[in-house]
Amino acid sequence: MIDLILQITHVSEFTPTSGWSNRIVNSLSQLNLNTKIHYVNLDDDSLGLTNQELHSLSHQTDQPLKSEAIINKNWYINLLITHSHKDSNLLGIMFDNLGDRKREGCAVFIDPISTNFDAAEQTRVLARTAIHEIGHAFNFCHPAAFGSDISVMLPTREAQKKANWLESSSFEYSQADKDFFTLERDLLCKPGSPQPSICRPQELEEDMIQ
Ligand SMILES: [Zn+2]
């Protein structure tokens, strides 16, 4: 087991429920990650953030948990829950390919989710998007072919075409991603390494609604 500190840095309009957090912890346990979540309130309620602004925001908010993670050799990810990206259709993004510690930050956007999904679906879409973006932080890419894949790394606009795409009680990473994680864990998957995302750049921008 690896210990992962997941900092969830959220605007005050978003109230994380225990059911929501448990979905994330359950999904990450598929990778033998022991996830400890810490919530941090974010005062900044800006709209339309760029990747650079998300990166700066992530750096402003990630102490002291990040220091604690580094000292104790835990893994660390900062998941930002903010209003919207500058590309207003994006539900989430792994924006953090800057600096010498890459893939430590990813984001989920509450405004496009509340605009485009029913109230009953919003919590699950938020959880699925968070688990998907955390997957990009581990260097998981979208499936090469969308045909039969139902994994959580399927982009939202492809997943929406499938029945029951939000019904899963624990959103699953594919066996291929689990195997990749087992083989390349420390070299390619660990967040905070100098290794940037290995996915195509546009792949990281595709997590939008149609
Ligand atoms: Zn994606």
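Is Ala127 buried or exposed, judged by its C-beta neighbours inside 10 Å? With 25 such neighbours, Ala127 counts as buried; the label requires 20 or more other C-beta atoms within 10 Å of a residue's own, with C-beta atoms placed from the backbone, whereas 12 or fewer would make a residue exposed and values in between partly exposed.

The model is predicted, so local features need pLDDT of at least 70 and side-chain atom pairs count only at pLDDT 80 or more, while totals for chains, interfaces and linings use all residues. Residues are numbered from 1 along each chain as its sequence is written.

Ala127 is found in helix α5, where helices are DSSP runs of H or I with at least four residues, numbered from the N terminus. Helix α5 covers residues 119–137, and its end C-alpha atoms lie 28 Å apart, in agreement with the 27 Å expected for 19 residues; that expectation is 1.5 Å times one less than the number of residues. Just beyond α5, Asn139 adopts a positive phi of about 75°.

A handy partner to look at next is helix α1 (residues 18–29), whose axis comes within 9 Å of that of α5 and crosses it at roughly 30°; axes are lines fitted to C-alpha atoms over the stretch in contact, with angles from 0 to 180 degrees between N-to-C directions. On the α1 side, Trp20, Arg23, Ile24 and Ser27 meet Thr123, Leu126, Ala127, Ala130 and Ile131 of α5, a contact meaning C-beta atoms within 7 Å. Leaving aside residues up to four places away in sequence, Ala127 itself touches Trp20, Arg23, Ile24 and Phe171.

Definitions and conventions:
Helix = DSSP H or I, 4+ residues; strand = E, 2+ residues; numbered from the N terminus. Contact = placed C-beta atoms within 7 Å.
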